[in-house]
Every structure is written in structure tokens, then in C-alpha cells.
There are 2 protein chains.
Amino acid sequence: MITLAALQMKSESGDVAANLARIEQAAKEAAGKGASLLITPELGLTGYGAGDIIRDLAEPADGPLVRRLQAISAETGVAIIAGFAEKAGADTFNSAVYVDGTAEPVVYRKSHLYGDYERALFTTAEPSTMLFTHRGVKCGMLICYDVEFPENVRRLALADVDAVLVPTALPAGYSGTFIADHMIQTRAFENQVFVAYINHCGADERFTFAGSSRIAAPDGSLLASAPSHGETLMVVPLNPADFQVSKSENTYLTDLTHRA
Amino acid sequence: MITLAALQMKSESGDVAANLARIEQAAKEAAGKGASLLITPELGLTGYGAGDIIRDLAEPADGPLVRRLQAISAETGVAIIAGFAEKAGADTFNSAVYVDGTAEPVVYRKSHLYGDYERALFTTAEPSTMLFTHRGVKCGMLICYDVEFPENVRRLALADVDAVLVPTALPAGYSGTFIADHMIQTRAFENQVFVAYINHCGADERFTFAGSSRIAAPDGSLLASAPSHGETLMVVPLNPADFQVSKSENTYLTDLTHRA
């Protein structure tokens, strides 16, 4: 059992120092509430809608930004998942990093970029299965649009994760409401895994965000649900053992004898 | 554009003649309401919970039962999808047949059997893509548990269907409510296809059914929704052209560049 914290956040567009400070503040608050892991939104460190400047703010995974996150994690005792622009040679990836103190960071690169805006900024990564175990809970990461493809969540579930952790930047509107109200819970239920889907709120110069962050349990129920507006730090216990009955009744992974 | 009818039905357990008469009556009513296609539940002709007798009632796809359905279709001018136990050599499949007058019937065999009850009665079929075009609308079939696997709906969507038609026998309870309230709409939205999910109501000697049949549009909205109790004939227009904007904004099928 772990206690999970998730920050529905209003990033400052293009201001990495301000966003890092906001994440540090949330990590301290999460620590005070007994959480050991904090999730924050997609590109939360640069702002999602900052445009071309995001490429200028890109850093390698072993650069000073990730080292600073590691230091915050070490100081607070809270592991952190944060979205950043990752420089790798000539490529810039839309990435999320898991840091847990001074341990080796785990970096996941978004495989399904959405729309012309993202495709102009980022290189598409191959789908990947980047796993880590946090205090006994086996976790995988996806970013935003990735989770809308059932194939990506299934890949992680078949790798036996307990939880799929998803920084996102979901715009407000009909599709955003649908995804928050139906799809995230379905991804959890059809794989019998936790899904934490953590969004921005408010607006930047390009996008208005849906808020409505969700933490769904393996039985599809909601453990936490953020409002459509406003920053929120959600803190919930997350215990895979609580859902053994649901897993024994909803045997999707063992009944998936044929793959399409 | 077609007009689709769907009968949420209380089958008489083991009484094929009574169930055939019920379907004939619904086909006449559907015709009177301008529908050209009627969908009925999984194993609606035998009853879902009739047990071992279902194997005794099994018929080949070219047997008298399917010929009788063809005759009803020819008389009423309404194509019919009906669930029956299909005898094929030593095997019995949990099947659904599409009949449209005297045209060659299309038979789909369930590939994902649920639980010990079904596995004791039926042979598991390989996943298959049985397509037909009804008045210009390209359709595929699944049966009940099949649709809970995103892989099966994706396979049909990648075969370019407009609509996935799903006779089901969903029991009442927490999972049934979840599937009716979240999963069916998600299957529609994530593939941008219509999903018609047509259930039994009431109870037989083994099961109490959830009712709650659903017809979802490609944008995930509900075109029709049956109550949890009682027989209902739903009649709705189904027009793929109405959802071109949704398809152009939710480009899952074209963005699925990588398959997990």
C-alpha cells in the first residue's frame, strides 16, 4: 500500500523555475499528508502551450533539471513524476521522468503525439514499457493521448503493472469531458489496474484545460476526482490488495487468449 | 442512413418457438416504425441460462431455424441479428446470425467465452471479422464478453466498419452497471464507430440480467438507452455521415501508427 499524491496544476508558461518551485511546494505538502509519490501534469515544467520556447527549454535526462527534481525528492522523501521536454541529440521528446531521491531516474517518452502542435515540437517515440516499482507497487507511465489508445495500457498491464501513471494536458471541450467521465475508468476496469490521469487547469496562451484529473481503481471506480477548474492536490491510498476480488471476477488478462 | 431497431428481450428459457415468435413480432413492429435491421440478444432463441438443453437445441447455420429467420426477414422486410447455438460437426458455438431475406446468412461465432458456464457448453472460436453491408452501412458483429476486449472492437474498426453490433447477456451487478455506463460508450469513442449492445432483461433459472441495452454513436454519445428492467424495442436512425466532424477530430485509427 502506498499513498499517492497528484497535483492538478496551473503551469506558468515557459517559466521552469516557477513550475519547479510549485512542484517542490506540492511535494512538501504531499509529504506532510503521508504521500510517498507525487504525480504532476504533462510538460508541467515548461507549460504545455508555451510553443517553440519548449524546444529551447529542453534538457537531457541527466541534466540539471532532473538533478534538481532528484534533490527535491531526496529532501522531501517524496518520489516525483514530472513532465519535461527531453533533449536527446537532435531530438526533443515529450517525456515524463520518475525520480526517487538519488536513485536512477526512469524516463518515459510519449509515443502518440496529438495534432500538429505536438508534432511540430516533438519527435515521436516508439511505444515503450518503462517500469519501476515504488514501495512495492509496480508502475508504468504513459503521457496524455497515449492512454486513449487501449493498446498502450494493455501493453503495460500485460507487463504486470499495478498502476498506470499518466501526466496529461487535456483541453476543455466535449472530448475532454468524455475522456474524464468514461475513458479513464474504462482503461482501469478493462485491465484491472489503477490509472492516475493528472491534468493542467486554467489556460495558457494556446489552450484551455479541462482540469477533471482522475484516479481510477482497478474495478473502474474513482478514488479521486478533481474539479474542472482550479489547482488541487489529491491524496489517496492506493492498495492493490484491495482489488483482488475484482481481479478474480474480471479476468480480462487471463482470458485474452487471442490478441487482435 | 438506416433506421436500426433493437429488442431488449426476455427470452423463454429453452423455448425456441416462443422466442422466434417474439422476434417475429418485434420485426413486424420494427418494420412499422421504418427500421430495416433488428438486433436481438445473445442466445435469444434458446435463452441464455437454459443450461445443457442449449446443446440439444443447437442447429447448423443452414438448418431450419436460420431458414425460418430468413423467412421472417423476407416477410417483414427487416434484416435480423439473432443469437443461437450453432452446431458444426462435434462443436457447438455461441453464435449470432445476420439474415436479410433470402440472401446468404452471415454467422459470427463468439471468440471470448465468459466463465465456466459458457466454457462447459460451447467451443471457443478463433477471433473473426465477419462483415456485411446493410443498406450502405458496413457492419461487424461481436457477442457479449467479446466487446469488453478493446482488441476485438479495434479489429473491426481497422476493417473499416461503421457499426459494431453486439447481442449480449449481461448479468445485473456492479460490473454490468459499469459496462453499460462507461465501457460501451468508450468502445464507440475510441474507434469512432457505432456500438449497439443489446441485452436480455428479467431473469431465467440461472441469471438475472442487467437490461440497460445501449446504442452509442461514434462520438461516444448515447443514441438510445434501455432501462434496467423490462422489454424495450428501441428504434433509432443511424447515419455515419452525422459523425464526420467527430471522426476528423478524434483520429485514433489514423494515429494508431504503432500496434502494441
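Two strands count as paired when DSSP finds at least two bridges between them. Keep that in mind as you open this predicted model and start with a sheet in chain B.

**Stop 1: the sheet from β6 to β11**

Select β6 through β11 of chain B. These six strands make an open sheet in the order β6-β7-β8-β9-β10-β11, with mixed pairing. Look at the two ends: β6 (131-134) and β11 (222-225) of chain B are the edge strands, each with a single partner, so one side of each has no neighbour in the sheet. From one strand to the next, the average turn is 20°, ignoring direction.

Now zoom in on one edge. Strand β10 (residues 214-216) of chain B pairs with β11(B) in the antiparallel sense, over three bridges. Pick Ile215(B) and you will find its bridge partner, Ala224(B), in β11(B).

Next, add residues 174-191 of chain B. This is helix α6, which lies across β9 (194-198), β10 and β11 of chain B and runs at about 30° to β10(B).

**Stop 2: the sheet from β5 to β12**

Staying in chain B, which strands stand at the edges of the other sheet shown here? Its order is β5-β4-β3-β2-β1-β12, again an open sheet of six strands with mixed pairing. The edges are β5 (106-109) and β12 (232-238) of chain B; each has a single partner strand, so one side of each is left without a neighbour in the sheet. Neighbouring strands here are turned by 30° on average, direction ignored.

Colour β3 (residues 79-88) and β4 (residues 91-99) of chain B: they form an antiparallel pair with nine bridges. Within that pair, Glu86(B) sits opposite Phe93(B) in β4(B). Then show helix α3 (residues 64-76) of chain B, which packs on the sheet and touches β3 and β4 of chain B, its direction making about 170° with that of β3(B).

**Stop 3: where the chains meet**

Bring chain A back into view. A turn of 180° with a shift of 0.0 Å along the axis lays chain B on chain A with an RMSD of 0.0 Å. The two copies are thus related as by a two-fold rotation axis. To find that axis, select His182(B): of the residues of chain B, its C-alpha comes closest, at 2.5 Å. The copies meet through the same surface, because 97% of the interface residues of chain B are also interface residues in chain A.

Finish with helix α5 (residues 150-158) in both chains, where the two axes come within 10 Å and cross at roughly 145°. Show Pro150(A), Glu151(A) and Arg154(A) together with Pro150(B), Glu151(B) and Arg154(B), which make the contact. By class, that contact has two nonpolar, no polar and four charged residues.

Technical notes. Residues numbered from 1 in each chain as written. Chains lettered and ligands numbered in written order. Predicted model: local features only at pLDDT ≥ 70, side-chain atom pairs only at ≥ 80, totals over all residues. Heavy atoms only, no water. Axes fitted to C-alpha atoms, helices over the stretch in contact; angles between N-to-C directions. Helix = DSSP H or I, 4+ residues; strand = E, 2+ residues; numbered from the N terminus. Contact = heavy atoms within 4.5 Å. Nonpolar A, V, L, I, M, F, W, Y, C, P; charged D, E, K, R; others polar. Least-squares fit on C-alpha atoms with pLDDT ≥ 70 in both.
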